[in-house]
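Open the model in your viewer and keep the sequence panel beside it. This tour goes from one selection to the next and says what is found at each stop.

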Amino acid sequence: MGLGCGLPGAVPASSRRNITVQGVDVPFGITAVDWPSGRLMAHVADILLSEILGINTVRTGVFASSAAALYAVAGCTAPDAAGGIADRGCGPRFSRAHAVLETWDSTITAAFME
């Protein structure tokens, strides 16, 4: 992510590796939610994955709700669109987003009951 190595013994950027998803080598995609603790958790995950585990990372978006962030990880093309799953462009597809942290289950449950 261009932040450089900040932890003692960190894996240098030149030695980090991608993950393989459906036969494609890609950086680990971190999606964030748009509140302070959500952004912080995404940043911490980025540091741990890249500097400690030696995995290339990329930020894949910031969303205003837990549900939208999870739809992004699921590969939906319009994760923050109003409406149901069909409106969000969900279906079987490759997603470059692999994780979102600091989500609220109350909003997720309501969204997935649509």
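**Stop 1: Ser95**

Select Ser95 and show everything around it. Leaving aside residues up to four places away in sequence, Ser95 touches Ala72, Val73, Ala74 and Gly75. Bear in mind that this is a predicted model. Ser95 itself sits in the loop between H2 and E5. Is Ser95 buried or exposed? Its relative accessible area is 13%, and the cut-off for buried is under 20%, so Ser95 counts as buried.

Now show the polar atoms. The side chain of Ser95 reaches the backbone oxygen of Val73 at 3.1 Å. A polar atom of the same side chain, that of Ser95, lies 3.3 Å from the backbone oxygen of Ala72.

**Stop 2: helix H2 and the residue after it**

Select residues 66–73, which make up helix H2. How many of the eight residues of H2 are buried? Six of them are, so H2 is largely enclosed by the rest of the structure. Color these buried residues of H2: Ser66, Ala67, Ala68, Ala69, Tyr71 and Ala72. Ala72 is one of the residues touched by Ser95 at the previous stop.

Then move to Gly75, just after H2, where phi is positive at about 95°. Gly75, too, is among the contacts of Ser95.

**Stop 3: the disulfide**

Select Cys76 and Cys90 and show their side chains. These two residues form a disulfide, with their sulfur atoms 1.9 Å apart. The structure holds one disulfide. The pair links distant parts of the chain, with Cys76 and Cys90 14 residues apart, both in the loop between helix H2 and strand E5 (99–100). A disulfide is a covalent bond between the sulfur atoms of two cysteines.

What is the handedness of the disulfide? The torsion about the S-S bond of Cys76 and Cys90 is about 105°, so the disulfide is right-handed. The two ends are covered to unlike degrees: Cys76 is buried, with a relative accessible area of 8%, whereas Cys90 is partly exposed at 25% relative accessibility.

**Stop 4: Phe63 and its surroundings**

Select Phe63, which belongs to strand E4 (residues 57–63). Phe63 is buried, and its relative accessible area is 11%. Which residues does Phe63 touch, not counting those up to four places away in sequence? They are Thr31, Ala32, Val33, Asp34, Ala68, Ala69, Ala72, Pro79 and Asp80. Of these, Ala68, Ala69 and Ala72 are also buried residues of H2.

Measure across to Asp34 with the distance tool. The C-alpha atoms of Phe63 and Asp34 are separated by 5.5 Å, although the two residues are 29 residues apart along the chain.

**Stop 5: strands E3 and E4**

Add strand E3 (residues 28–33) to the view. E3 and E4 pair in the parallel sense over six bridges. Phe63 is the bridge partner, in E4, of Val33. To follow the connection, trace the chain from E3 through helix H1 (residues 36–52) to E4; this β-α-β crossover is right-handed.

**Stop 6: two residues with positive phi**

Most residues other than glycine have a negative phi, and most peptide bonds are trans. Two places to look at next go against the first of these habits.

Select Gln22, in the loop between strand E1 (19–21) and strand E2 (24–26). Gln22 is not a glycine, yet its phi is positive, about 50°. At 64% relative accessibility, Gln22 counts as exposed.

Next select Glu102, in the loop between E5 and helix H3 (105–112). Glu102 has a phi near 65°, a positive value in a residue other than glycine. Glu102 is partly exposed, with 28% relative accessibility.

**Stop 7: the whole chain**

Clear the selection and look at the protein chain in cartoon view. Its secondary structure comes to three helices and five strands. From the N terminus on, the elements run β-β-β-α-β-α-β-α.

Switch to a surface view. The protein chain exposes about 6400 Å², and carbon and sulfur atoms supply 61% of it. What share of the 114 residues counts as buried? The figure is 34%. Finally, consider the contacts between residues at least 6 apart in sequence: 68% of them join residues at least 24 apart.

Conventions. Residues are numbered from 1 along each chain as its sequence is written. This is a predicted model: local features need pLDDT of at least 70, side-chain atom pairs count only at pLDDT 80 or more; totals for chains, interfaces and linings use all residues. Side-chain values use heavy atoms; hydrogens and water are left out. A disulfide is a pair of cysteine sulfur atoms within 2.5 Å. Helices (H or I, at least four residues) and strands (E, at least two) are DSSP runs, numbered from the N terminus. Buried means under 20% relative accessible area, exposed over 50%, partly exposed in between (1.4 Å probe, protein chains only). A polar contact is a pair of N or O atoms within 3.5 Å; within protein, one must be able to donate a hydrogen and the other to accept it, and residues adjacent in sequence count only if both atoms are side-chain atoms. Contact means heavy atoms within 4.5 Å. Accessible areas come from the Shrake-Rupley method with a 1.4 Å probe; for residues, only the protein chains shown count as cover. Two strands pair if DSSP finds at least two bridges between them. A crossover is right-handed if, with the strands pointing away from the viewer, the path from the first strand over the helix to the second runs clockwise.
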